[in-house]
Amino acid sequence: MNERRSSFRHLVHLNVRLYHEEFGQINGKITDVSSGGMSVEVDNTVSLNNKLSREILSVKPVNMDVIFEMECLRVNSQVISLQFIS
């Protein structure tokens with residue numbers, strides 16, 4: 001994998017739901033987090049292709065009362081790369 005992050009990654013395994021106005025709800029699992037963003041593994045990104053690139057998503061970890069607004073950087077195979085919006 002081509003490393004693009006400048007921040008150290010923390011490996012995590014946390015179920016998450018992504019919300020988008022047009023695409024609806026997407027279930028996935030956070031696989032790693034850094035100070036700049038996170039990678040989310042989803043079952044099927046084929047239908048999303050690059051339609052989500054540069055789109056804003058609401059990210060809610062399951063069983064947590066927090067929602068992150070994030071920008072989608074890219075969609076690769078089964079991983080969506082997200083960046084925190086500052």
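Colleague: How many bridges pair β4 with β5, and in which sense do the two strands run?

Modeller: Four bridges, antiparallel. In general, strands of a sheet pair through backbone hydrogen bonds, either parallel or antiparallel. Here two strands pair if DSSP finds at least two bridges between them. Strands are DSSP runs (E, at least two residues), numbered from the N terminus. Before going on: this is a predicted model, where local features need pLDDT of at least 70 and side-chain atom pairs count only at pLDDT 80 or more, while totals for chains, interfaces and linings use all residues. Residues are numbered from 1 along each chain as its sequence is written, and side-chain values use heavy atoms, leaving out hydrogens and water.

Colleague: Fine. Which residue in β5 stands opposite L57?

Modeller: That's M70. The two strands form a hairpin, with six residues between them.

Colleague: What is the phi of N63 in that turn?

Modeller: About 65°, so a positive value, although N63 is not a glycine. N63 lies in the loop between β4 and β5 (68-76).

Colleague: Is N63 buried or exposed?

Modeller: Cut-offs first: buried means under 20% relative accessible area, exposed over 50%, and partly exposed in between (1.4 Å probe, protein chains only). N63 has 78%, so it counts as exposed.

Colleague: And what does β4 pair with on its other side?

Modeller: Strand β1 (residues 10-20) pairs with β4, again in the antiparallel sense, over four bridges. There you'll find L18 opposite V59 in β4.

Colleague: How many strands make up the closed barrel, and in what order do they run?

Modeller: Six, with antiparallel pairing, in the order β1-β2-β3-β6-β5-β4. From one strand to the next, the twist averages 45°. For that angle, axes are lines fitted to C-alpha atoms (for helices, over the stretch in contact), and angles run from 0 to 180 degrees between N-to-C directions.

Colleague: How many bridges join β3 to β6?

Modeller: Five, between β3 (residues 37-42) and β6 (residues 79-84), which run antiparallel. Look for M38, which stands opposite L82 in β6.

Colleague: What should I look at in the loop between β3 and β4?

Modeller: Try R54, which sits in that loop, before β4 (56-61). Phi of R54 is near 70°, a positive value in a residue other than glycine. R54 has 55% relative accessibility, so it counts as exposed.

Colleague: Where is K51, and how accessible is K51?

Modeller: K51 is also in the loop between β3 and β4. Its relative accessible area is 48%, so K51 is partly exposed. The C-alpha atoms of K51 and F23 are separated by 9.4 Å, with the two residues 28 apart along the chain.
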